[in-house]
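Here is a short note for a colleague opening this entry. Please keep the structure in view while reading.

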Amino acid sequence: MGQPSSAATGAEPGLRWLHLLVLLALVAVGVGVGDVVFVVHNLGHWGEVQACAALHDLPPDGGQVARLVGRSAEYDRCAAGFEATRQAAQLTGGTAMLVLAGLVVFLDGLSVRLGLSRRGRRRPPDGDAAARIRQRFEFWCDELGLRGRGRPRVVVAPVGAADAQAYTTAVPYGRAVVVVPVAHAYGRRDVLDLVVLHELAHVRAREVSWAAATWWAGWLVVPALLSAMAPVLVAPAAVTGSYAVSLSIAAGAATAMLILRAAVLRRREHAADRFAVARGDLRDALVAAADDGEATGSPARWRPGRLFVTHPDPSGRVAALGHDDRWEGGFAVAAVIGLAAMSALQSTRRVLLHTPDTPLPLGVDKEDLAVAVAALVWAAATIPIWIRHPAPTRRRWWARVLGAAVGLAAGCALPSVGTTASIYATFTAGFGPAALAWLVPALVGVAALAAGWPRRRRPCPAAPDASWRRSCRCSARRCC
């Protein structure tokens, strides 16, 4: 093969916001586990709250009903400390998961570097082979303009099972290290270039530590859920209905987080493949590298377990070059963002429900303010994604609209993480389906208006002419 093309080829947009979405889901799991611990250990002394409510002839179902009948102050005195303790347990669970993720990523980066150094001293690779790999690595670093702290260091790994595959590691805020097995020095040079460019694509995206946190998030969920399920195994008689609901919500959040985590990590690998193939014209090398040149170019048969696979199937990596798997602008992400926004709204309203009634400027109601903030957060998270990833067909456009509507409606109807019932359950008791039948069309309209904004922003041609400006009916700057 001739000299790889050094034509400038742009990389895909960074995926750090998707990693952030996974970490937020991890925090939600921690909040759910904290609520499970709060419920099963009766940290809020719920029996005493109920006894006080019965003594004062108050509704036993919580502060929302008492607020509707004008007796919220009396109920808050009975429940003094209950909600504060519950929120403290949830905050502790969410914070602990986030801190553990950061700590594990830091220790993992250190341990990987120490292991590489130890294995390199024990079995140093062949000098000529290591020199060939370093020469190609330095060439591509220069071609990509990687300099200073942004230029990674390469480590040629000796023969062994520990470093059989190339990978990139980094300590947070440190210089990245690209590990390339020495075996690549004895194979095709275009395959070596593909491996190097694939890893450098991760470095250019500046999300190596983010990806490590995303990967470890899946392993942190397991002990967290086991700790939440311990009461079921130790004392099954102590399990209550509230505990079962809290545990189910935590397990559901964990499952959703694991599916999202796997999708993000697969998306990351496909993005690196696209960059490497486009930059070096290395499609043939990818075919040769996938399963030792035996790839058929068609993905393996789909099965449910593939939802949790973090690395793409070798036989499907070539096929992935020919289709767009950027699902950020589709149904699933729109539904997840809508569900998260409404869950956050429910949590905010619960906090406001148990705070003193202090007047806000201009007579703004606290609950109306919470709704407005949730709407702005949802729009700020959704519209930029839809602008960055415009829907290529009408079907994809309606998919994102329906996804947003379904997510927002589900966020209203389902309990938020860390609770056992939706805050709106009191208002919709007895006519929930009718309320959803009214709510879903309204949310579809809201989502359609939001999705219509990116459709108005047409991409700018390199040199817009007069006919293009007339068809756009505005200036080129505003159309873009």
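The points below cover confidence, then helix 1 and its partners, then one further helix pair.

1. This is a predicted model. The mean pLDDT of the protein chain is 75. Of its residues, 71% reach 70 or more.

2. Two stretches call for care. Residues 1-11 have pLDDT below 50. The model still gives this stretch 27 contacts beyond near neighbours in sequence. Residues 456-480 also stay under 50. There, the model has 24 contacts beyond four places in sequence.

3. Helix 1 covers residues 16-40, 25 residues in total. At 1.5 Å a residue it should span 36 Å, and its end C-alpha atoms are 36 Å apart, so the two values agree. Asn42 follows helix 1 and has a positive phi, near 50°.

4. How do helix 1 and helix 8 pack, and at what angle? Their axes lie 10 Å apart at an angle of about 15°. Angles under 35 degrees count as roughly parallel, and helix 1 and helix 8 are therefore roughly parallel to each other. The crossing is left-handed. On helix 1, the residues in contact include Leu20, Leu23, Leu26, Val29, Val33, Val36 and Val40. Among those they meet on helix 8 (residues 208-234) are Ala213, Ala217, Leu220, Val221, Ala224 and Ala228. By class, this contact has 17 nonpolar, three polar and one charged residues.

5. Helix 1 also packs against helix 5 (residues 82-122), with axes 7 Å apart and an angle of about 140°. The two helices are therefore oblique to each other. Helix 1 passes helix 5 in a right-handed crossing. Gly30, Val31, Gly34 and Asp35 are among the helix 1 residues in this contact. The helix 5 side includes Ala89, Gln90, Gly93, Gly94 and Met97. The contact of helix 1 with helix 5 has 10 nonpolar, six polar and two charged residues. Leu26 of helix 1 is listed in the contact with helix 8 and in the contact with helix 5.

6. Helix 6 (residues 127-143) and helix 7 (residues 189-205) form another pair: their axes come within 10 Å and cross at roughly 50°. Helix 6 and helix 7 are therefore oblique to each other. Their crossing is right-handed. Helix 6 contributes Arg132, Ile133, Arg136, Phe137, Trp140 and Cys141. Helix 7 brings Arg189, Leu192, Asp193, Val196, Leu197 and Leu200. By class, that contact has eight nonpolar, no polar and four charged residues.

Methods:
Residues numbered from 1 in each chain as written. Predicted model: local features only at pLDDT ≥ 70, side-chain atom pairs only at ≥ 80, totals over all residues. Heavy atoms only, no water. Axes fitted to C-alpha atoms, helices over the stretch in contact; angles between N-to-C directions. Helix = DSSP H or I, 4+ residues; strand = E, 2+ residues; numbered from the N terminus. Parallel < 35°, antiparallel > 145°, perpendicular 65-115°, else oblique. Left-handed = near helix turned anticlockwise from the far one by under 90°. Contact = heavy atoms within 4.5 Å. Nonpolar A, V, L, I, M, F, W, Y, C, P; charged D, E, K, R; others polar. pLDDT = per-residue confidence, 0-100. Expected span 1.5 Å × (residues − 1).
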